[in-house]
Amino acid sequence: MYIEVKDTCKNFVQDGKEFTALDHVSLDIDKGEFICLLGPSGCGKSTLLNALAGFEKVSSGSVKIDGKEVTAPSINNITIFQNYGLLPWRNVLKNVELGLESKRIGKEERRKTAQKYLELVGLSGFEKRYPKQLSGGQQQRVAIARGLAVDPDIIFMDEPFGALDAITRMKLQEDILRISREEKKTIIFVTHDIEEAVFLADRIVVMMADPGRIKSIVTVPLGSHRDRTSKDFLYVRDKIFELFNMKSESYIEYYI
Amino acid sequence: MKKLISLKNVIISVSILILIWQIAFSFSSYDKALFPSPKMAFDALVEMIGNGSLFENIKTSMYRFVTGYFSSVIVAVILGLILGRLPKVFQYVNPMAQLLRPISPTAWMPFIVLLFGIGDVPAIVIIFIATFFPVLLSTVSAVGNIDPIYLKVSRNFGIKQPELTWKVIFPAAFPQIANGIHLALGTAWIFLVAGEMVGAQSGLGYQIIDARNNIRADILLATILVIGIIGIILDGLLRLAEKRILRAWGGQG
């Protein structure tokens, strides 16, 4: 398996009380898959993402990418954050060039690459703007272009569209789906929005809180072109809804 | 338009100040030589400009000020950037800084004069001390207050020291550092005069002592006015520079 999470636990101590963010979580992910980690707040989906991205160490178990234990963040696996993380003192072009600079790529080449990815996210002509002059959706596009520019293997996305309005969010969902197919990246996407997960994912990892654990993994049997109003789409969405209402503690792998 | 209004306000405000001064002069029973009128102070100013002593003293004071202030800002910011990233070390440096900070730089004056003698150095050292602590502490706290997402992004994109400091930490902390640098400017200018009154034989501060020794209250007041005006100009220049840099930081200001 490309990404292997094996029997992983993560405990925090908060206000003197121990708190289990991840309770014996195991998960395998193939190269090129689009995975959504779906669940309510406190279910450990962001903790799991941070462990995969190398920002947090797990308490026990192992997290491996391409056979290697994850110990620190790597430029091969880029994380896209909810609040974008753009550097406000750099213009759009310079922001996208950030990762290329630490890859020691020459000035000309950096500019070309940055412009290529700005075009891919639909922001050609915004090179000289500053993040403050852009809308939230545009800022997230810049962050996505910045991530893609270093040609990562995996893109981690931590509720990336959570701060955007519904229309902008849908547009960005369509774009990220298109980009993931064109660029052939493995994407792990954290969300608490069921519809978003059904729209994007090849497989949805449904998580539950207290303690944070995987309840079931649902393979989404929809093709590459997804219609939010189609019968199939609504059917899958309803299945996920049901999962959240069920009391059963059993671990089910779903194939619809 | 906004500038025009503020200019109008300045003129009115200064006029009122001069008017109060004139009224106080008219009703005072002090000797004219001890408490001169605005007109006399203005004449003294013209005299000082005429014989070149004013320009000479401003030049001397500005040299000391610029040397002391900027060397202190550079050292304090660099040290602050380092200490801001080393909270464990700063735990031990902080009590030292807190102990030294409330001591008025003038308290060091006799000691400084004993060590360095009379001349440029005591004034420069005083300005250095006056600038150092506010800039150091605001830099350390600015580095501590950086939005952690910048550091997360930097780790993700493999930005390591020393690039991390000048590409991310310094610019991210800059607005708050600039605040400290700005506050320190006013303090430093105040202590320049104090420093020159004790430790120098030239400069604007010395001119005040000199005027007192010669019982020239008109020169004394004229010098005080000049010190105030230069203080305002320095503040305005720094504010302008700050605005420019902040604008380059991303459309603020």
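What follows is a walk through a predicted model, starting with chain A as a whole and ending at its contact with chain B.

Let us begin with the overall build of chain A. Its secondary structure amounts to 7 helices and 11 strands. The radius of gyration is 18 Å, close to the 18 Å that the globule rule gives for 256 residues, so chain A is as compact as a globular protein of that length. Measured out along the principal axes, its C-alpha atoms fill a box of roughly 55 × 45 × 35 Å. Of the 256 residues, 44% count as buried. Take the contacts between residues at least 6 apart in sequence: 69% of them join residues at least 24 apart.

Now find strand β3, residues 34-38 of chain A. Here 5 of the 5 residues are buried, so the strand is largely enclosed by the rest of the structure. If you look at its two faces, you will see that both are covered: Phe34(A), Cys36(A) and Leu38(A) are buried on one side, and Ile35(A) and Leu37(A) are buried on the other. What does β3(A) pair with? It is joined by 5 bridges to strand β8 (residues 186-191) of chain A, and the two run parallel. Within that pairing, Leu37(A) is placed opposite Val190(A). A further 4 bridges link β3(A) to strand β9 (residues 203-208) of chain A, again in parallel. In this case Ile35(A) has Arg203(A) as its bridge partner.

From β8(A) we can step across to strand β7, which spans residues 154-158 of chain A. The two strands run parallel and share 5 bridges, with Ile155(A) opposite Ile187(A) in β8(A). Strand β7(A) is mostly covered, as 5 of its 5 residues are buried. Ile154(A), Phe156(A) and Asp158(A) point one way from the strand, while Ile155(A) and Met157(A) point the other way, and all are buried.

One more step takes us to β6(A), which runs parallel to β7(A) and is joined to it by 4 bridges. Ile155(A) turns up here as well, standing opposite Ile78(A). Strand β6 covers residues 77-80 of chain A, and Asn77(A) lies in it. Is Asn77(A) buried or exposed? With 22 C-beta neighbours inside 10 Å, Asn77(A) counts as buried, because the cut-off for a buried residue is 20 or more. Leaving aside residues up to four places away in sequence, Asn77(A) touches Ala53(A), Ile65(A), Pro152(A), Asp153(A), Ile154(A) and Phe156(A). Asn77(A) and Asp151(A) are 74 residues apart in sequence, yet their C-alpha atoms are 9.0 Å apart in space.

Next comes helix α5, residues 166-183 of chain A. Its 18 residues reach 25 Å from the first C-alpha to the last, close to the 26 Å expected at 1.5 Å a residue. Buried in this helix are Arg169(A), Leu172(A), Gln173(A), Ile176(A) and Ser180(A). These residues cover an arc of only 110° around the axis, which puts them on the same side of α5(A). An α-helix has 3.6 residues a turn, so residues three or four places apart point the same way. On the other side of α5(A), Ile167(A), Arg178(A), Arg181(A) and Glu182(A) are exposed. The cover over the buried residues includes β3, α4 (136-149), β8 and α6 (194-200) of chain A, which brings us back to strands we have already visited. Just after the helix, Lys184(A) takes a positive phi of about 50°.

Chain A also holds an open sheet of 4 strands, in the order β2-β1-β4-β5, with antiparallel pairing. Its edge strands are β2 (17-29) and β5 (68-69), each of which pairs on one side only. Inside the sheet, β1 (residues 3-14) and β4 (residues 60-65) are paired over 5 bridges in the antiparallel sense. Cys9(A) has Ser60(A) in β4(A) as its bridge partner.

Finally, turn to the contact between the chains, which takes 15 residues from chain B and 19 residues from chain A. On the chain B side, α7 (148-156) and α8 (163-199) each supply at least two residues. The most comes from α7(B), with 6 residues. By character, the chain B side divides into 9 nonpolar, 4 polar and 2 charged residues.

Note on methods:
Residues numbered from 1 in each chain as written. Chains lettered and ligands numbered in written order. Predicted model: local features only at pLDDT ≥ 70, side-chain atom pairs only at ≥ 80, totals over all residues. Contact = placed C-beta atoms within 7 Å. Nonpolar A, V, L, I, M, F, W, Y, C, P; charged D, E, K, R; others polar. Rg over C-alpha atoms; globule rule 2.2 N^0.38 Å. Buried ≥ 20, exposed ≤ 12 C-beta atoms within 10 Å, placed from the backbone. Pairing = 2+ DSSP bridges. Expected span 1.5 Å × (residues − 1). Arc of directions from axis to C-beta.
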